[in-house]
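Biologist: Could you walk me through this model and show me how each label was earned? I would like to hear the reasoning as well as the result.

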Amino acid sequence: MVGNPASEKTYWPAKIRWLKSAKELVYGTLAKTKTPFQVVAASGPLIILPPHFVEEIKNDDRMTFKSWLQKVNVVVDFFTKYPGFEGFIPAVDNDVFVSSVRIGLTQSLAHFVKILADETKLSLNESLPPSNEWKEVHFDTAALRIIARLSSRSFLPEPLCHDEEWLKLAVDYTIDFFTAAYILRLFPPILRPLLHWFLPWTRTLRKDVRKARRLIGPEIERRKKEEEQDLKAGRKPKQYSDAIAWVQQASSKSGDYCDPIYGQLNYSLGAVHTTTVTFNNTLYNLIANPEYIDELRAELVTVFKDAKGWDKTTLNKLRLMDSCMKESNRMDPATLMSISRVANEDITLSDGTKVPKGASIGLINAASRDPTIYEDPDKFNGHRFYDMRQIPGNESKHQFVTTTGDYLPFGHGKHACPGRFFASNEIKILLTHLLLQYDFKFPDDQGKPEILAHGLDFGTNPNARLLYKSRTPEVSLDF
Ligand code: HEM
């Protein structure tokens, strides 16, 4: 066991150290050994696999992402059996969340491009109102609100997606969820079944779920009645394209009942913070490397001056932007543990390492900073993937959403993130508006905002500030 001296009688000191300095512990050990090792993570013992195991495990059904969620849920972390934590049920108790994203959201991507562009415009007017002088904004907080609006506009119908209470909940539920889980974990398991009723953090979480039901419940009821009336009248029931409908469709297809309210909360848990962290890192890396901003603006002018409207083809033409997004994601991913698994049986890895049934496994995203794979890996090179795609035969490779063993921010293999295509569109549409409509700089007394680490995951930093000023776009984005 690395980083857990025998003199420590419990895991607690190691768990606390993990939250603060997991990256140093894991990368420090990986620099010395190429073999698997065990650490104490926030959720207990974790077998760390070096990156070269990726091809061996990426499609291995003897270890799955769902089992990992289930284990962390049942044993220590997520407590979906307690009221308030139900937002993870569609991912943990069945496959409804995964299949609703794979089928419903993915099939609707083209439909949402124009909708996302319109919502971005409204959202920026609200969160970054026009200013001819440099104006300071707590950018991570503003970005969470913007991404929550964009996601909600796709996952919920109007006017519900603009409801102030819902938008706040779409951001807060994730924070409230992980804070409550973290606090509850500090107490011995025997006390938790009683304690969760009284702690202020779990009470807040229960309030969140009640609020979600109060806000979304009437729409679900209305659709149910509408469907009954349509069927009675011999009409084909109206089809909806949002997360309420995708969850209901996935639920009836698999036969696993899933409350669409929990589905909606699961969408917020999976989509809002991950996308915000990825988007913020991209913008901050561009501000830190301003030579790319002019080049990106030139690309936008070329693409949008001939564009007939907002569609998938237009977004696909933004190749330098795609490359800059991917470069940022390579250097600063939302998590350094790209592949999380639990062994469903005893497994012997190719190097002889024995992984007992029930053990947690994390494959580390270290290839992205490996100089034998990426030249000058600590330097932000916005052209890196653009240049790779210029090589004949590679035009459709090395895109932001393409996962490989050397590019793992979305995982790789069977359980690679199915929401990445949506996140990619969202980030491109947002960056397009931001780069054309605003100039940005870091405040002199802060510089590039610090990224906040929680173990191997990264979160938004409420103290992160940016200065922005309006500019006149070279090309219109109104279609
Ligand atoms: C930039 C934003 C995002 C990042 C960085 C990200 C990252 C990840 C990662 C690392 C995994 C785990 C892969 C594994 O352990 O093998 C994952 C899984 C998943 N993500 Fe995302 N994600 C993002 C956005 C989204 C969005 C917007 C959605 C849906 C609305 C989503 C839905 C999912 C689902 C359903 C899974 C589980 C896949 C499975 O079990 O097969 N993600 N994501």
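Modeller: Gladly; this is a predicted model, and we can begin at the ligand and then turn to the chain around it.

Biologist: What makes Cys417 a donor to the iron atom of the ligand?

Modeller: Its SG atom is 2.3 Å from the iron, and the cut-off for an N, O or S donor is within 2.8 Å of the metal, so Cys417 qualifies. Cys417 is the single donor from the protein, and its place is the loop between helix H16 (384-390) and helix H17 (420-437).

Biologist: Which residues come nearest to the ligand?

Modeller: There are 25 residues around the ligand, and Phe65, Arg102, Arg341, His415 and Cys417 come nearest.

Biologist: How do you know that histidine 415 and arginine 341 have polar atoms in contact range of the ligand's oxygen atoms?

Modeller: A polar contact needs a pair of N or O atoms within 3.5 Å. A side-chain N or O atom of histidine 415 is 2.9 Å from a ligand oxygen, and for arginine 341 the distance is 3.1 Å, so both pairs meet the cut-off. Serine 338 takes part through a polar backbone atom, 3.5 Å from an oxygen of the ligand. Helix H5 (96-107), helix H12 (260-288) and strand S5 (337-343) are the elements that give two or more residues to the shell.

Biologist: Which element gives the most to that shell, and what classes of residue does the shell have?

Modeller: H12 gives the most, with 6 residues. By class, the shell has 14 nonpolar, 9 polar and 2 charged residues.

Biologist: Let us move to helix H1 (residues 12-32). How do you know that H1 falls short of a straight helix?

Modeller: H1 has 21 residues, and a straight helix would reach 30 Å at 1.5 Å a residue. The end C-alpha atoms of H1 are only 25 Å apart. H1 also has a kink of about 95°, centred on serine 21. Among the buried residues of H1 are Trp18, Ala22 and Val26.

Biologist: Why is glutamate 219 called buried?

Modeller: Its relative accessible area is 16%, and buried means under 20%, so glutamate 219 is on the buried side of the cut-off. Glutamate 219 is in helix H10 (residues 200-232), and its side chain makes a polar contact of 2.8 Å with the side chain of arginine 223.

Biologist: Why is aspartate 387 called partly exposed?

Modeller: Aspartate 387 has 43% relative accessibility, which lies between the 20% limit for buried and the 50% limit for exposed, so partly exposed is the label. Aspartate 387 lies in helix H16. Its C-alpha atom is separated by 9.8 Å from that of arginine 319, 68 residues apart along the chain.

Biologist: What is notable about phi at aspartate 376 and histidine 398?

Modeller: Aspartate 376 has a positive phi of about 50° although it is not a glycine. Its loop runs between strand S8 (360-364) and H16. With a relative accessible area of 49%, aspartate 376 counts as partly exposed, because exposed means over 50%. Histidine 398, also not a glycine, has a positive phi near 60°, and it lies in the loop between H16 and H17.

Biologist: What makes the peptide bond from glutamate 158 to proline 159 cis?

Modeller: Its omega is near 0°. Proline 159 is in the loop between helix H7 (139-155) and helix H8 (164-185).

Conventions:
Residues are numbered from 1 along each chain as its sequence is written. This is a predicted model: local features need pLDDT of at least 70, side-chain atom pairs count only at pLDDT 80 or more; totals for chains, interfaces and linings use all residues. Side-chain values use heavy atoms; hydrogens and water are left out. Donors are N, O and S atoms within 2.8 Å of the metal (3.2 Å for Na, K and Ca); water is not among the atoms, so sites may look incomplete. Helices (H or I, at least four residues) and strands (E, at least two) are DSSP runs, numbered from the N terminus. A residue is near a molecule or strand if one of its heavy atoms lies within 4 Å of it. A polar contact is a pair of N or O atoms within 3.5 Å; within protein, one must be able to donate a hydrogen and the other to accept it, and residues adjacent in sequence count only if both atoms are side-chain atoms. Ala, Val, Leu, Ile, Met, Phe, Trp, Tyr, Cys and Pro count as nonpolar, Asp, Glu, Lys and Arg as charged, and the others, Gly among them, as polar. The expected span of a helix is 1.5 Å times one less than its number of residues. The bend at a residue is the angle between axes fitted to the seven residues ending there and the seven starting there. Buried means under 20% relative accessible area, exposed over 50%, partly exposed in between (1.4 Å probe, protein chains only).
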